[in-house]
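Reader: I am new to protein models and would love a close look at one part of this one. Could you walk me through a pocket and then show me what lies elsewhere along the chain?

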Amino acid sequence: LARRNGMDVPRETQQRNENNDTRDLFNALEAAARFFQRNLEGSEKAKAYLDGRGVDAAIRTQFMIGYAPDGYSALKDALGTDERRMKLLDRAGLKVEDIDLWELRDRVMFPIHDRRGRVIAFGGRVLQKDDGPKYLNSPETALFHKGRELYGLWQVKQANQKIARLVVVEGYMDVVSLFQFGVKE
């Protein structure tokens, strides 16, 4: 599409992918995704929300859906509190020191993957309507540029050897729901 319209598409560079600092950022984001996934198993209200939306266990696993527990220090406590680790989490968009940290608590978490399947950011959805903005996203970082990513593209690529058509929808749950009902484009 970009080529037909005379536009350049930014490409990932090999140097960016092999940088030790970048690898540390990917590892921190992957660890956060695993933390959120483990917490989903222990949250009846988060599972009830997903059950109510018709999202089964296989789709939850496929999209690595998780849960950010209520409280301000759970992620920090799980991923490490030394100064180096805190700086890494800050650069990864997971700053956990400030109380207003994009209010990363008591939310269903949707990891956002890059084209190679690596976690680069998160979207979080409240469980109760009055608990703040419905969705909050990670801030832009060295790995995540909102305008360059499509949530679910990695899963679409895994489900289709060749993507003949791509359906673009508004939200995380829209993508997940389409997959749940067999629309994997």
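Author: Happy to do so: what follows starts at one pocket and then moves on to charged pairs and a few single residues. Please keep in mind from the start that this is a predicted model.

Let us begin with the second largest pocket, which holds about 470 Å³ of space. Its lining is made by 23 residues. If you want to find the middle of this pocket on your screen, look for Leu150, Tyr151, Val169, Glu170 and Val175, the lining residues that lie nearest its centre. Which elements give two or more residues to this lining? They are strand β4 (135-137) and the helices α7 (153-159) and α8 (172-180). Of these, α8 gives the most, with 4 residues. You can also sort the lining of the second largest pocket by class: 16 of its residues are nonpolar, 3 are polar and 4 are charged.

One of the residues nearest the pocket centre, Leu150, also takes part in something on the outside of the protein. Together with Ile163, Leu166 and Val168, Leu150 makes a nonpolar surface patch of about 320 Å². Try selecting Val168 next, in the loop between α7 and α8. Is Val168 buried or exposed? Val168 counts as exposed because its relative accessible area is 60%, and the cut-off for that word is over 50%.

While you have α7 in view, pick out Lys157, which lies in that helix. With a relative accessibility of 34%, Lys157 counts as partly exposed. Now draw a line from Lys157 to Lys134: the two are 23 residues apart in sequence, and their C-alpha atoms are 28 Å apart in space.

A second line is worth drawing for comparison, this time from Gly93 to Ala142. These two are 49 residues apart along the chain, and 9.2 Å separates their C-alpha atoms. Gly93 sits in the loop between α6 and β2. Its relative accessibility is 4%, so Gly93 counts as buried.

A third line runs from Val108 to Gly152. Here the separation along the chain is 44 residues, and the C-alpha atoms are 16 Å apart. Val108 belongs to strand β2. Val108 is buried, with a relative accessible area of 0%.

Now for the charged pairs. Side chains of opposite charge can pair when their charged atoms come close. How many salt bridges does a search of the whole structure find? The search finds 10 of them, and three make good examples to look at.

Start with Asp106 and Lys45, whose closest N and O atoms are 2.9 Å apart in a salt bridge. This pair links distant parts of the chain, since its partners are 61 residues apart. Asp106 is in the loop between α6 (83-91) and β2 (107-113), while Lys45 is in helix α3 (residues 44-52). The two partners also fall in separate accessibility classes. Asp106 is buried, at a relative accessible area of 11%, whereas Lys45 is partly exposed, at 43%.

Before leaving Asp106, look at its backbone too. Its phi angle is near 50 degrees, which is a positive value in a residue other than glycine. Met64 shows a positive phi as well, near 55 degrees, and Met64 is likewise not a glycine. You will find Met64 in the loop between α4 (57-62) and β1 (66-68). Met64 has a relative accessible area of 14% and therefore counts as buried, the cut-off being under 20%.

The next salt bridge joins the side chains of Asp51 and Arg60, at 2.3 Å from N to O. Arg60 is a buried partner, with a relative accessible area of 11%.

The last example is the salt bridge between Arg118 and Asp114, with 2.8 Å from N to O. What are the relative accessible areas of these two partners? For Arg118 the value is 16%, so Arg118 is buried. For Asp114 the value is 3%, so Asp114 is buried too.

To retrace the tour on your screen, go from the pocket lined by 23 residues to the patch that includes Val168, and finish at the salt bridge of Arg118 and Asp114.

Notes:
Residues numbered from 1 in each chain as written. Predicted model: local features only at pLDDT ≥ 70, side-chain atom pairs only at ≥ 80, totals over all residues. Heavy atoms only, no water. 1 Å grid on protein atoms, 1.4 Å probe; cavity = no way out; pocket = protein on both sides within 12 Å on 5 of 7 lines; lining within 4 Å. Points joined across faces, edges and corners; volume = space filled by probe spheres on them. Nonpolar A, V, L, I, M, F, W, Y, C, P; charged D, E, K, R; others polar. Patch = residues over 30% accessible without salt bridge, like charges linked within 9 Å, V, L, I, M, F, W, Y side chains within 5 Å. Areas by Shrake-Rupley, 256 points an atom, 1.4 Å probe, with all protein chains shown as cover. Salt bridge = Lys/Arg side-chain N within 4 Å of Asp/Glu carboxyl O. Buried < 20%, exposed > 50% of the residue type's maximum accessible area, 1.4 Å probe, protein only.
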